[in-house]
Amino acid sequence: MSFTIAIIGRPNVGKSTLFNRLVGQKLALVDDEPGVTRDRREGEGRLGDLEFTLIDTAGLDEGAKGSLTARMQEQTEVAIGLADALMFVFDARAGLTPNDRAFADFARRANKPVVLVANKSEGKHGELGAMESYALGLGDPIQISAEHGEGLSDLYDALRVLMPEPVEEEEFDDDDDIIETDEEIAQRPIRVAIVGRPNAGKSTLINHLLGEERLLTSPEAGTTRDSISVEITWQGREFRVFDTAGIRRRSRIEEKLEKLSVADALRAVRFAEVVVLMMDAQNRFEEQDLRIADLIEREGRALVLAVNKWDLMEKKGSLISDLRIDTDHLLPQVKGAPIVAVSGLMGEGIDRLMKAIEEAYAVWNKRVPTATLNRWFEQAVDANPPPAVSGRRLKLNYITQAKARPPSFILFCSRADAVPTSYLRYLTNSMREAFNLPGTPVRISLREKANPFAHKRKRPS
């Protein structure tokens, strides 16, 4: 049974730094600005032989009812309710503040084991601040430096006392090791990243999928900062969905924190298998939308276009066909990409969107038999032979699929550097139609066949 620990404390005491240290990855954004973390984030932590689920939370802070700050605190309270134990973190160099004392009472009322962590304890100032914490009545402080990894052995001892004894696993013979089949691999959760410009409605859509206010939403653009992953089951199929920060044009990004958020969103795109690009129905296909779509194609990810806030549009019937025409015209590199009209707030089109994600994932994984591929290849070349270059005919020999995810092919030919880009584009579009590969990136690499006579010297004239 997994043991869950929630990291709590006021803003800017190093909770996310400690979270990253214990999970062994830089999952949570870290910055000197207070209040970077907003949504709660979960990860699998490890310290020595101890394994546990860790929840990073927003800094406990007071705010008016209904405000973003108040809803951040509600998320923290949910995390405390899910946890088996709490790690109360304070800044030893700053010493105790009134907020630390107030929220220590809050932690005590949770009626759960509390580990008092004095972070930033390196140096004499940290030592003095740690001594002050005895006034909280939460036991001995564990003095650590999350940034430098100091004091983790003492933290291990404190957690070891709280956690249940590990259950010894049965030993299995090597013969019991089972290699996953293609069917088992196909049943893994599909990794989906939801991306788009700020305030496109990404978090609202995911909340509707979950059926709860799991992610913070606000009319103010830029509410989401970290890329948060959530598990979703839809019609028996599992998905791991990543909510990301809005991606603005690079020239408009000035603050360091926004740069970190956008970099985190781009990492989510690279980690995903299917990427849903969300656009505002009233401002669709803006230049930044096209840039993001091009980025997704270059990263080789399956693309699904979602036009959000569809409930605000009029004359919807005629707009659907216009969307298809605009998509193929503006995004020829992903011709045929599925486009779905949705309303994350009202729940319209959610089933169509999830089906489109499944279908895009299947196309992204598609393999074409070599024999079938070369029959198509002969017909495509006969219908439109490659142009001669410098008076010499290009010889295209055969083609084979190197891999899927995305579908990637190797074309063997006589002079790879002379094949025009326009001709490769013709082959790509023809392949999309012949093998039903709409929207997914298609890669064609050129390779020259080895010349069996290259090693022989020319005869003297």
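A strand here is a DSSP run of E residues, at least two long, and strands are numbered from the N terminus. In this predicted model, Asn308 has its place in one of them, strand S11. Strand S11 covers 302–308, and the sheet around it makes a handy place to start.

That sheet is open and built from six strands, lined up as S8-S9-S7-S10-S11-S12 with mixed pairing. Strand S8 (228–234) and strand S12 (339–341) sit at the edges with a single partner strand each, so one side of each is left without a neighbour in the sheet. Going from one strand to the next, the twist averages 25°. At the S8 end, seven bridges tie S8 to strand S9 (residues 237–243) in the antiparallel sense, and Ile228 finds itself opposite Asp243 of S9. Helix H9 (residues 287–298) packs on this sheet, where it touches strand S7 (190–196), strand S10 (274–280) and strand S11 (302–308). The direction of H9 makes about 175° with that of S10.

Back to Asn308. With a relative accessible area of 3%, Asn308 is well under the 20% cut-off, so it counts as buried. Its side chain still has polar company: one of its polar atoms lies 2.9 Å from the backbone oxygen of Ala200, and a polar atom of the side chain also lies 2.9 Å from the backbone nitrogen of Gly344. Leaving aside residues up to four places away in sequence, the residues that Asn308 touches are Ala200, Gly201, Met278, Met279, Asp280, Ala281, Val342, Ser343 and Gly344.

Next come the nonpolar cores. In soluble globular proteins, nonpolar side chains tend to be buried together. Here the largest nonpolar core has 29 residues, and Val195, Leu277, Ile296, Leu303 and Trp310 make the most contacts inside it. Two or more residues apiece come from S7, helix H8 (256–271), S10, H9, S11, helix H10 (316–330) and S12. H8 is the biggest giver, with four residues. As for Val195, its contacts beyond four places in sequence are Lys202, Thr244, Val269, Val275, Val276, Leu277, Met278, Ile292 and Ile296. Another core, of 27 residues, lies apart from this one and has Ile190, Ala200, Ala302 and Val340 among its members. Ala200 thus turns up again, having already appeared among the contacts of Asn308.

Earlier in the chain there is another open sheet of six strands, in the order S2-S3-S1-S4-S5-S6, and its pairing is mixed too. Strand S2 (41–47) and strand S6 (142–143) are the edge strands here, each pairing on one side only. S6 is joined to strand S5 (residues 114–119) by two bridges in the parallel sense, with Gln143 of S6 as the bridge partner of Ala118. Helix H1 (residues 15–23) packs on this sheet and touches strand S1 (4–8), S2, strand S3 (50–56) and strand S4 (85–91). Between the directions of H1 and S2 the angle is about 55°.

Last up is a hairpin. Strand S13 (residues 396–403) and strand S14 (residues 408–413) run antiparallel and are joined by six bridges, one of which pairs Leu396 with Cys413 in S14. Four residues lie between the two strands of this hairpin, where Arg405 takes a positive phi near 60°.

Notes:
Residues are numbered from 1 along each chain as its sequence is written. This is a predicted model: local features need pLDDT of at least 70, side-chain atom pairs count only at pLDDT 80 or more; totals for chains, interfaces and linings use all residues. Side-chain values use heavy atoms; hydrogens and water are left out. Two strands pair if DSSP finds at least two bridges between them. Axes are lines fitted to C-alpha atoms, for helices over the stretch in contact, and angles run from 0 to 180 degrees between N-to-C directions. Contact means heavy atoms within 4.5 Å. A nonpolar core is a set of buried Ala, Val, Leu, Ile, Met, Phe, Trp, Tyr and Cys residues joined through side-chain atoms within 4.5 Å. Buried means under 20% relative accessible area, exposed over 50%, partly exposed in between (1.4 Å probe, protein chains only). A polar contact is a pair of N or O atoms within 3.5 Å; within protein, one must be able to donate a hydrogen and the other to accept it, and residues adjacent in sequence count only if both atoms are side-chain atoms.
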